[in-house]
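Trainee: I would be grateful for a close look at a single part of this model, with the criteria behind each term stated.

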Amino acid sequence: MISTLKTKLENYAPNGSLEDHPQAAVLIICYEAEGELFIVMTERSKNLPSHPGEVAYPGGKKEKKDSSLIETALREASEEIDLDQNKIEIIGEIDTLKSRFGLSVTPFIAIAEEKLNLKANASEVEEIFHIPLSYFKNKPNISEKITNFKGETFKTPVFNFEKYKIWGLTLAFTINFLDLLDIKFDYDL
């Protein structure tokens, strides 16, 4: 599956970051185990001022010291989940999306040779969890969430994996990632 992912990314032309917006980056870390592809996700600390308790990929805002968005994603993943950068290889990026708060967020795809020994930084991350690709292939449990933003109410899909709820920008990145592997769903985001 990783070789398929690499091939798809070689021919993929991401849209690039939105230069006139504040920049952020996330890391979608994948590995194969027992013939299955897994994706690493986090549940953010419930004590954070923004997006407390939400499911996310490791990542965050670009800082002045970061020379690139890849460096941002790697630094944030190191801070949040104690990622050893020598254990992964960045193999590409997918389309940048704008968050509802106006951030330009670029997702980078990384692969690991095996399941990594990761440790949650309790001040930022409540839990680290791993989702097998088969969850998405086998009719995932999808519900709807009513959310409000700037006085507007709208419905959004939620993927329910075990006790975790994947929605919003994280779900949009996940859908775009799965699209690379020809895994599609029957609804519009």
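Mentor: The account below follows one helix, then one of its residues, and then turns to the nonpolar cores.

This is a predicted model, in which local features need pLDDT of at least 70 and side-chain atom pairs count only at pLDDT 80 or more, while totals for chains, interfaces and linings use all residues. Residues are numbered from 1 along each chain as its sequence is written, and side-chain values use heavy atoms, with hydrogens and water left out.

Helix 2 has 13 residues and runs over residues 69-81. Helices (H or I, at least four residues) and strands (E, at least two) are DSSP runs, numbered from the N terminus. From its first C-alpha to its last, helix 2 reaches 18 Å, close to the 18 Å expected at 1.5 Å a residue; the expected span is 1.5 Å times one less than the number of residues.

At the N-terminal end, S68 caps helix 2, with a side-chain oxygen 3.4 Å from the backbone nitrogen of I70. Just after the helix, D82 takes a positive phi of about 55°.

The buried residues of helix 2 are L69, T72, A73, L74, R75, E76, A77, E80 and I81. Buried means under 20% relative accessible area, exposed over 50%, and partly exposed in between (1.4 Å probe, protein chains only). Their cover includes strand 1 (23-33), strand 2 (36-44), strand 4 (59-61), strand 5 (88-93), strand 7 (104-112) and strand 8 (125-132).

Within helix 2, R75 counts as buried because its relative accessibility is 11%. R75 touches K61, K62, E63, K65, D66 and Q85, not counting residues up to four places away in sequence; contact means heavy atoms within 4.5 Å. The side chain of R75 also makes a polar contact with the side chain of E76 (3.1 Å). A polar contact is a pair of N or O atoms within 3.5 Å; within protein, one must be able to donate a hydrogen and the other to accept it, and residues adjacent in sequence count only if both atoms are side-chain atoms.

As for the nonpolar cores, each is a set of buried Ala, Val, Leu, Ile, Met, Phe, Trp, Tyr and Cys residues joined through side-chain atoms within 4.5 Å. The largest has 36 residues, and those with the most contacts inside it are L5, I28, I109, F136 and F177. Its largest share, 6 residues, comes from helix 4 (residues 168-180). A second, separate core of 19 residues includes A25, I29, I81 and L83; I81 is also among the buried residues of helix 2.
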